[in-house]
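Reader: I'd like a close look at one part of this model, please. Take one chain as your centre and work outwards from there.

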Amino acid sequence: MATVSTPTTSAATRPALPAVLRRPAARKLLALAVVAAVLVPLAHGHFGSGAWPHALTVDFSKPLADASDWVVDHRDTHPLFLYFFGHISNGVVLGVRAVYLALLALGWAGVTALGGLAAWRLGGVRLGLGTAAAFLACGALGMWVPTMQTLALMVVAVLASVAVGAVLGLGAGLSDRLDRALRPVLDTMQVLPAFAYLLPVVLVFGIGVPAAVLATVVYAAPPMARLTALGLRGADPEVLEAVESLGSTPRQRLLTARIPLARKELLLGLNQTIMMALSMAVIASVIGAGGLGDRVYQALASVDVGAALAAGIPIVLLAVVLDRVTGAAGRGAGDSDRPGAVGWPYALAAAAAVALAARLLGRLDWPSGWTLDIAAPVNRAVDWMTAHLYSGVPVVGGTADWAGHFTTWMLDPVRSGLQWLPWWSVLLIVAALAWLIGTWRTALTAVLAMAAIGALGVWQPALDTLSQVLAAVAVTLVLGVATGIAAARDARVDRVLRPVLDVFQTMPQFVYLIPVVALFGVGRAPAVAAAVVYALPAVVRITAQGLRQVDPAAMESARSLGATSRQQLWQVQLPLARRSLLLAVNQGVVLVLAVVIIGGLVGGGALGYDVAFGLAQGDLATGLVAGAAIVCLGLMLDRVTQPVERHAKKGA
Amino acid sequence: MRVRTTALVAVALSAVVAGVTTGCGAADMTKQASPFANAGGAKSVTLSVQSWVGAQSNVAVAQYILEHKLGYRVDTVQVDEVPAWDALSQGRVDALLEDWSHPEQEKRYVDDKKTVSYAGGLGVTGHIGWYVPTYLVKQHPDITDWRNLNKYASLFRTPESGGKGQIMDGSPAYVTHDKALVKNLKLNYQVVFAGSEAAQITQMRQFAKEKKPFLTYWYTPQWLFKKVPMTEVKLPPYKEGCDTDADKITCAYPHTPLRKFLNADFAKSGGEGAAFLKKFRWTTEDQNEVSLMIADQKLSPQEAAKKWVDGHESTWKRWLS
């Protein structure tokens, strides 16, 4: 997840009175203790303590291996594939191909002109120039063709996600029952780490573009659905009443009033969907999506950070441009009588003229001499860094020593502690945490998710992954909240940080993997380091925003009472921003999990390695079980850290 | 408003087009070329690249010759071997240039379904084994026999190996029996998976820089030997069939002549490109030369291929005749 939705509602809730807070919490814990007192002796007597009991596991490897064989053997003959999946697959291939051919036909000049002029119409001169510059930069980095491939893939994936999301959102917006039913589904879709569900799509569609597009749709459709529903529900009732009094049919009301009124939310949904889809571009390269992601992935294989960066930068540029352009379109949607709507035909004509001119001059391909080699200097910098930081730094020790200490003093104790805990006590802890922070429903989901992990027979590796997540989240929170506080209290820090955070948030995770290995060696430590880097921006942002939104009146009164700056922070700002801090924890956990799994590629082991193994060896039994366990782990972690009433905020 | 309607019309139109072109009759899952193939009327070939550098070298040189001598447009997709077989059978990629023996896939796709066809040897023989750096062998000459490994286990301890010695394995895509070997040979070692070849190489170079001891799963041909000289550890010798039961293995890895496979349709009707790929055959030294340029000197695969092609005209001329 590259972009993180930050809360927009004011976090200025009243501080809860301790007495009120304590009573329901105590009641919940008491109830749980009673349940435990009855069930634990039973469970202990029946299955023993220690790791998850063997009697409660179900072995899926045989049926999964059979299913996998069946699909491969029947994929060319069975009607299900010939008449259903085959058409989906062909449709995707045709769609991507059509867009790709169109982009190639426009040529680099045409695409740059079209992008720049469209951005200019939607967001002004600066955005237009910026967009054109971004396209030129993609070409200058020698990535023109891969950029066009990724763009073609994105166009189709985003259109499909928007279609799926809009249909789901339309349903949820018009029917309360569907809304209730969809909400947990969408929640779950957003929590799932994408790496975990690549395998099933690959099995059905094979390696390549169709599988990549479908995996992207699963990942990117939820924000669209959520925001469509939100927009439809939020339509001004007075306007609707007025339209109704005119005697219009429900269909007319929908088309002429509710959808236009929800335009802002729809565009925001589009924006979020684009960002999510782009962040999938690289992960999908593991299953042969091609394009920029594939270049990053190939560069990784030859340990070439510079080349990975050269392919990563266009992804960042595309993300920034698309974010700004759709953002500008969303803002523009508010004022209907925007000047310059007449400019469109001119803009399009200009773009067409440029494309035609380039075509006549025979300059469709990016000129091969116009590339800038950034790989060599970047690699030199990385080499220098690792040569001087890896070990033997006086006093503080090298990064390898840190990694060793972190592994021995933090990861190992947490892992052995978790694995030492009796299985039922893990379930109890999960239940208690989830119930204290949410409702009995969240607690039940969390416990069932954890139990499912045990039933799948991957209890030990799952706890290994969990230990890495906990360690990474701890580091992320310490660093992230501290930075967030600094950013909230000092505008200069904030200004400096903003572009850095932008880059970290959109830079594909794979680009980090090699530098972290070079710095921290192979093992769990680099996985944790990469996860921290990736999750940090979201935590910093949410913390800073939460602190800034603290009611100025409260701050003012604290100041007038003579509170020092430190007292203001600890006794006013932080308690008042509690909700934002909880959201930061939640987002931190979800993002960390996503990267810790990819850490399987640098020696993180555990579930991440199993997923990678399943993908590499086509071993559905290993890969899918590990994927399912990751999904359960994600669900559990989300529920345990989920502040109540998050639904209204997330994605908005 | 106008823009929105035109966009809507465009979307609807493309949906209709997609529906008309795909909607009638059965879809053929064995003909699923990449959408980026044959773009703009150019003849094109899609090559699968595996994650190790040797495979990148094969592809780089093949790509260079296809593009510059035969006028093809080449697409490359990074896929591990097993999924590459599947992609070959569907036509998403046209060629797999370096296969390290996958009997199960071969039986399924070549013999039964006939969607993949054998395209001759690569000319390179692969061998997997356990390796220690040569500087370590100078200090402990008897370390190269598996029987002595337990004596040295403490040398190889790392934070990840849990008190035992660490043997580092690489990418999950690789053929490995190391877990079974460690268990069956009663070695006091822990297999630690680096998770990718990139991570493994990075770690080995860091170790070598400080002359630290390490024991690793590794293979030839490999360019890294030129940078980090390593010596193979003798395991109980390989005999035909000693690796059939993966859980009971106690023998070394075999020497495997590496082979090429093409999509069956492409092999039949792929014209010059397919004929060239069938003839493509070079030596271990050739491959290492290109690999070293890519991985160590950090040339782009295309630059490395150009350098090699410029210097070895007699070799590649044979592939085109």
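How many helices and strands does the secondary structure of chain B come to? Walk me through that chain residue by residue where you can, then tell me how chain A fits in.

Author: Happy to. Bear in mind that this is a predicted model. Chain B comes to 13 helices and 9 strands. It has 321 residues, and 57% of them count as buried. If you take the contacts in chain B with a separation of 6 or more, 73% of them are between residues 24 or more positions apart.

Let's start with a helix. α3(B) covers residues 81-90, and 10 of its 10 residues are buried, so the rest of the structure largely encloses it. Going along α3(B), the buried residues are Glu81(B), Val82(B), Pro83(B), Ala84(B) and Trp85(B), then Asp86(B), Ala87(B), Leu88(B), Ser89(B) and Gln90(B). After α3(B) comes Gly91(B), with a positive phi near 85°.

Now for strand β2 of chain B, residues 73-78, which is where you'll find Gln78(B). Gln78(B) has a relative accessibility of 3%, so it counts as buried, the cut-off being under 20%. Look at what Gln78(B) touches once its neighbours within four places in sequence are set aside. On the chain A side there are Ser285(A), Gly288(A), Asp294(A), Tyr297(A), Gln298(A) and Ala301(A). From chain B, Val49(B) and Ser51(B) are in contact with Gln78(B) too.

Another glutamine worth a click is Gln63(B), in helix α2 of chain B, residues 53-68. Gln63(B) is at 14% relative accessibility and counts as buried. Not counting residues up to four places away in sequence, Gln63(B) touches Leu47(B), Val74(B), Thr76(B) and Gln302(B). Two of those names take you back to β2, since Val74(B) and Thr76(B) have numbers inside its range of 73-78.

Further along chain B, go to the loop between α11 (284-295) and α12 (301-311), where Leu299(B) sits. With 17% relative accessibility, Leu299(B) counts as buried. Leaving aside neighbours within four places in sequence, Leu299(B) is in contact with Met293(B), Ile294(B), Ala304(B) and Lys307(B). Going by the residue ranges, Met293(B) and Ile294(B) fall in α11, and Ala304(B) and Lys307(B) fall in α12.

Next, the cysteines. A disulfide is a covalent bond between the sulfur atoms of two cysteines. Over all chains, the structure holds 1 disulfide. Its partners are Cys242(B) and Cys251(B), with sulfur atoms 2.0 Å apart. The angle about the S-S bond is 85°, and the link of Cys242(B) and Cys251(B) is right-handed. As for exposure, Cys242(B) is partly exposed at 25% relative accessible area, whereas Cys251(B) is buried at 4%. Over in chain A, Cys138(A) counts as buried at 1% relative accessibility, and so does Cys632(A) at 13%.

That brings us to how the two chains meet. The size of an interface is often given as the accessible area lost when the parts come together. Here chain A and chain B bury about 5500 Å² between them, with 55% of that on carbon and sulfur atoms. Three residues, Ile207(A), Val522(A) and Tyr609(A), supply 11% of the area that chain A buries against chain B, more than any other three residues. The contact takes in 71 residues from chain A and 64 residues from chain B.

While you're in chain A, have a look at a helix pair. Two packed helices are described by the angle between their axes and the distance between the axes. For α19(A) (residues 459-489) and α20(A) (residues 491-506), the axes come within 5 Å and cross at roughly 120°. That makes α19(A) oblique to α20(A). From α19(A), the contact uses Thr483(A), Ala486(A), Ala487(A) and Arg489(A), while α20(A) brings Ala491(A), Val493(A), Asp494(A) and Leu497(A). By type, the contact of α19(A) with α20(A) has 5 nonpolar residues, 1 polar and 2 charged.

One last stop in chain A is Leu428(A), in helix α17 (residues 423-437). Leu428(A) counts as partly exposed, at 27% relative accessibility. Neighbours within four places in sequence aside, Leu428(A) is in contact with Leu32(A), Ala36(A) and Val40(A). The C-alpha atoms of Leu428(A) and Asp638(A) are separated by 16 Å, with the two residues 210 apart along the chain.

Technical notes:
Residues numbered from 1 in each chain as written. Chains lettered and ligands numbered in written order. Predicted model: local features only at pLDDT ≥ 70, side-chain atom pairs only at ≥ 80, totals over all residues. Heavy atoms only, no water. Helix = DSSP H or I, 4+ residues; strand = E, 2+ residues; numbered from the N terminus. Buried < 20%, exposed > 50% of the residue type's maximum accessible area, 1.4 Å probe, protein only. Contact = heavy atoms within 4.5 Å. Axes fitted to C-alpha atoms, helices over the stretch in contact; angles between N-to-C directions. Parallel < 35°, antiparallel > 145°, perpendicular 65-115°, else oblique. Nonpolar A, V, L, I, M, F, W, Y, C, P; charged D, E, K, R; others polar. Disulfide = S-S within 2.5 Å. Buried area = accessible area lost by both parts, 1.4 Å probe.
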